[in-house]
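Morning, everyone. Please have the structure open on your screens, and turn it as I talk.

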Amino acid sequence: MTTINWSDGRLITLAEGDTAAAGELNEGQLYGFFFYNAAENDATTTVEVTWSNSQPPKPVPVHGTTANQGLASVLLVSGDDTNSVSASIVKGNPGATIQAFVCSVKMPVNTSGINNLQLPANGQPQPFQRLTRYYDVPATHWYDLTIESDVDQFIVVQFTEMTAQVIVVKCVADPKENVFAVGAAEKNKMYTIQPTQNERLQVNIQGDGTQTVWMNADSVQNSQNAAITLQSLAPSTGRPRRSADPALPV
C-alpha cells in the first residue's frame, strides 16, 4: 500500500491498495484525471476518486483490455469545487494496474512520460500518438482545426481554462462510458461532447490569446494513424475596414 504525492500531475502507476493525492488545484480551472488500464488481463478496475468532504467518492470504471490497449477513462473536476483530489484502488483488486495523469491548460507540471508538444499553426498534420498532449496559444483570429483517424472511436479532449470538449472521430458508441464529471463540471455543463461518424472532424476555432490543450485519450492501436492539424486563417496583410459608409474614409 503506497500513498503517492501527485500534485505535479505526472504519469504514475497505481496498484491494489495505492492512493495518489493531487493537491494545489487552482480555482477557475478545469482538470481532467486520465486513467488507463495497464493490467495484463481484461478485467475492469474501478478507481475511487475523492473530491469532496460532503460528497461520496466517485467510482470511475477503467475497462480492461490485454496489453494496455484500451481507451482512457476521464473524470472532469473543477478547481472551484476543491483544491485537492485523490485517486485510490481499494483492496480486493489483485493484479490491478492503472496508469494515470492529470491534464489541464497547466497540468501536468511534470511531463515525464507524456509527449508534451507545441502544436504549430502551419497547416501540417502532426502525429497524435497515445499519451500525447499538444498545446498552443491561438491569437485573436480564426483557425482551422482538423482531427482525423481511420479507426473507430478516436477520442481527444480539448481543454481551455474552464471548459473541455470531448471530440470523438468515427463515433460508434456513447463516449459517456469513458467520460465522467462531478460537481460544478457536471452541474454547470463545463464540458461538451462533439461526435462525428466521419474519419475527420474539421472545425473553425477563434483564438483569444489564451492557451488551448488537446490531449489524446485513446489507445495505442487507435493512435497509430491519427493526426491533428492547426492552420491559421489570418490574412497575411491588411486589417478589417472600419465602415462601408461612403461618407467615412476606409
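**The pocket, the strands and the rings**

Let's start with the largest pocket, which has a volume of about 200 Å³. Keep in mind that this is a predicted model. Which residues line the largest pocket? Among them are P138, W142, Q158 and T160. N204, I205, Q206, G207 and D208 are in the lining as well. So are T210 and T212. Strand β18, residues 200–206, gives the most to that lining, with 3 residues. A general word on how such places are found. Rolling a probe the size of a water molecule over the atoms shows where empty space is left.

Now turn to strand β7. Is β7 buried or exposed? This strand covers residues 73–78, and 6 of the 6 are buried, so β7 is largely enclosed by the rest of the structure. Here is a general point that helps. In a regular strand the side chains alternate between the two faces of the sheet. Now look at the two sides of β7. S73, L75 and V77 are on one side, and V74, L76 and S78 are on the other. All of these are buried, and both faces of β7 are covered.

What does β7 pair with? Strand β4 pairs with β7 in the antiparallel sense, over 6 bridges. Find G32 to see one of the matches: its bridge partner in β7 is L76. Strand β16, residues 179–181, pairs with β7 too, in the parallel sense, over 3 bridges. There, L75 stands opposite F180 of β16. In general, strands of a sheet pair through backbone hydrogen bonds, either parallel or antiparallel.

Next, an open sheet of 6 strands. What is its order? Read it as β10-β12-β19-β14-β15-β17, with mixed pairing. The edge strands are β10 (115–118) and β17 (191–196), and each pairs on one side only. Neighbouring strands of this sheet are turned by 20° against each other on average, direction ignored. Zoom in on the β10 edge. β10 and β12 pair in the parallel sense, over 4 bridges. L117 has Y134 as its bridge partner in β12.

Last topic: the rings. How many aromatic pairs are there? With ring centres within 6.5 Å as the rule, the count comes to 5 aromatic pairs. Take F34 and F101. Their rings are stacked, 4.9 Å centre to centre, with 15° between the planes. This pair links distant parts of the chain. F34 is in strand β4 (residues 30–37), F101 is in strand β9 (residues 97–103), and they are 67 residues apart. Both F34 and F101 are buried.

Compare F128 and F154. Why is that pair called edge-to-face? The cut-off for that label is planes over 60 degrees apart. The ring centres of F128 and F154 are 6.1 Å apart and the planes are at 70°, so the pair is edge-to-face. This pair also links distant parts of the chain, 26 residues apart. F128 is in the loop between β11 (126–127) and β12 (132–136), while F154 is in strand β14 (residues 154–159). F128 has a relative accessible area of 0%, so it is buried. F154 is buried too, with a relative accessible area of 0%.

Two more things to find. Ring pairs link F34, F101 and F159 into a cluster. And the charged end of R130 sits over the ring of Y36, 4.1 Å from the ring's centre. Thanks, everyone.

How values were computed: Residues numbered from 1 in each chain as written. Predicted model: local features only at pLDDT ≥ 70, side-chain atom pairs only at ≥ 80, totals over all residues. Heavy atoms only, no water. Phe/Tyr/Trp six-rings, centres within 6.5 Å; stacked < 30°, edge-to-face > 60°. Buried < 20%, exposed > 50% of the residue type's maximum accessible area, 1.4 Å probe, protein only. Lys NZ or Arg CZ within 6 Å of the ring centre and 35° of its normal. Pairing = 2+ DSSP bridges. Axes fitted to C-alpha atoms, helices over the stretch in contact; angles between N-to-C directions. 1 Å grid on protein atoms, 1.4 Å probe; cavity = no way out; pocket = protein on both sides within 12 Å on 5 of 7 lines; lining within 4 Å. Points joined across faces, edges and corners; volume = space filled by probe spheres on them.
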